[in-house]
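Dear colleague,

I am handing over the structure we spoke about, and my notes on it follow directly below. Please keep the model open while you read, so that you can look up each place as it comes.

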Amino acid sequence: MAHRKPIKYTARDGMTIEGYLTLPKDGEGKNLPLIVNPHGGPWARDTWGFNPEHQFFASRGYAVLQMNFRGSTGYGRQHLESGYKKWGREMQNDITDGVKWAIEQGIADEDRVCIYGASYGGYATMAGMTFTPELYKCGVNYVGVTDVALLFETMPKRWSLGAETMKEQVGDPDSEEEFLAEISPVNHVDK
């Protein structure tokens, strides 16, 4: 089994971000290709436990980084609410700062960093690829949002009870159209 260890780093605004780093079983854990895997939700969190994908990647020589960026659950109300209306901004900075931490620690080779995720993790993948394209060599978006306003237009009926809460957490498509367009990766494809 590859070693998975808890990590902490400081985001650019001073917030402590916790997460997990999975390293290949053999080797020194230095200058490795890195796969960044932001969790979905975003109102969820990564926890300790077996992850078959990360074990597979580590068996192929990759380090895997997960982080509980602001907006993640389980770290108290302040941590959760500090992610409100921060998609593509401070939440994305937390992910970027994690990548930079791994590079500064000598764990990751800055020329071999990829990002992948599902749902909000897919959004974070696309935001990473379009807002900080110099950081990543590749990205895989699995069922992730690319147009935030479209998320509200196409959300399943079973989400309707949470729609007003999502407007507070993400942004209101009726009154914050410009903001939602700004944080939508689809509008930054040229990068």
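Lys-167 touches Lys-85, Phe-152, Asp-172, Pro-173, Asp-174 and Glu-176, once residues up to four places away in sequence are left out of the count. The residue belongs to helix α6, which covers residues 163-169. Is Lys-167 buried or exposed? Its relative accessibility is 15%, and because buried means under 20% relative accessible area, Lys-167 counts as buried. Please bear in mind, here and in everything that follows, that this is a predicted model.

The sheet is a good place to go next. Six strands form an open sheet, and if you follow them across you should meet them in the order β1-β2-β4-β3-β5-β6, with mixed pairing. At the edges are β1 (3-10) and β6 (138-142), each of which pairs on one side only. From one strand to the next, the twist averages 25°. As background, the strands of a sheet pair through backbone hydrogen bonds, and they may do so either parallel or antiparallel.

Both kinds of pairing can be found in this model. Strands β1 and β2 (residues 16-23) run antiparallel and are joined by 8 bridges, and within this pair Ile-7 stands opposite Gly-19 in β2. Helix α1 (residues 52-59) packs on the sheet, where it touches β2, β3 (32-36), β4 (63-67) and β5 (108-118), and its direction makes about 55° with that of β2. Helix α3 (residues 90-104) also packs on the sheet, touching β1, β2, β3, β4 and β5, and its direction makes about 110° with that of β1. The parallel pairs include β3 and β5, which are joined by 4 bridges, and here Cys-114 in β5 is the bridge partner of Ile-35. Strands β5 and β6 also run parallel, with 5 bridges between them, and Ala-118 stands opposite Tyr-142 in β6.

One residue of the sheet deserves a slower look, namely Leu-21, which sits in strand β2. Which residues is Leu-21 in contact with, leaving aside its neighbours within four places in sequence? They are His-3, Arg-4, Lys-5, Ile-7, Ala-63, Val-64, Leu-65 and Ile-107. Leu-21 has a relative accessible area of 0%, and it is therefore buried, since that term is used for values under 20%. If you would like a distance to check for yourself, Leu-21 and Lys-8 are 13 residues apart in sequence, and their C-alpha atoms are 9.8 Å apart in space.

The loops hold some details of the backbone that are easy to overlook. Pro-42 lies in the loop between β3 and α1, and the peptide bond that joins Gly-41 and Pro-42 is cis, with an omega of about 5°. Asn-31, in the loop between β2 and β3, has a positive phi of about 55° although it is not a glycine, and with a relative accessible area of 48% it is partly exposed. Ser-119, which is not a glycine either, has a positive phi of about 60°; its place is in the loop between β5 and α4 (120-131), and it is partly exposed at a relative accessible area of 34%.

Ser-119 also leads us to the largest pocket, whose lining consists of Gly-41, Trp-43, Trp-87, Ser-119, Tyr-120, Val-143, Val-145, Leu-151, Trp-159 and Met-166. This pocket has a volume of about 170 Å³. How many of its lining residues are nonpolar, polar and charged? The lining divides into 8 nonpolar and 2 polar residues, with no charged ones.

Lastly, please turn to Arg-89, in the loop between α2 (77-81) and α3. Its relative accessible area is 30%, so Arg-89 is partly exposed. Not counting residues up to four places away in sequence, Arg-89 touches Phe-179, Glu-182 and Ile-183. Although Arg-89 and Ile-183 are 94 residues apart in sequence, they are 7.6 Å apart in space, C-alpha to C-alpha.

With best wishes

Definitions and conventions: Residues numbered from 1 in each chain as written. Predicted model: local features only at pLDDT ≥ 70, side-chain atom pairs only at ≥ 80, totals over all residues. Heavy atoms only, no water. 1 Å grid on protein atoms, 1.4 Å probe; cavity = no way out; pocket = protein on both sides within 12 Å on 5 of 7 lines; lining within 4 Å. Points joined across faces, edges and corners; volume = space filled by probe spheres on them. Nonpolar A, V, L, I, M, F, W, Y, C, P; charged D, E, K, R; others polar. Pairing = 2+ DSSP bridges. Helix = DSSP H or I, 4+ residues; strand = E, 2+ residues; numbered from the N terminus. Axes fitted to C-alpha atoms, helices over the stretch in contact; angles between N-to-C directions. Contact = heavy atoms within 4.5 Å. Buried < 20%, exposed > 50% of the residue type's maximum accessible area, 1.4 Å probe, protein only.
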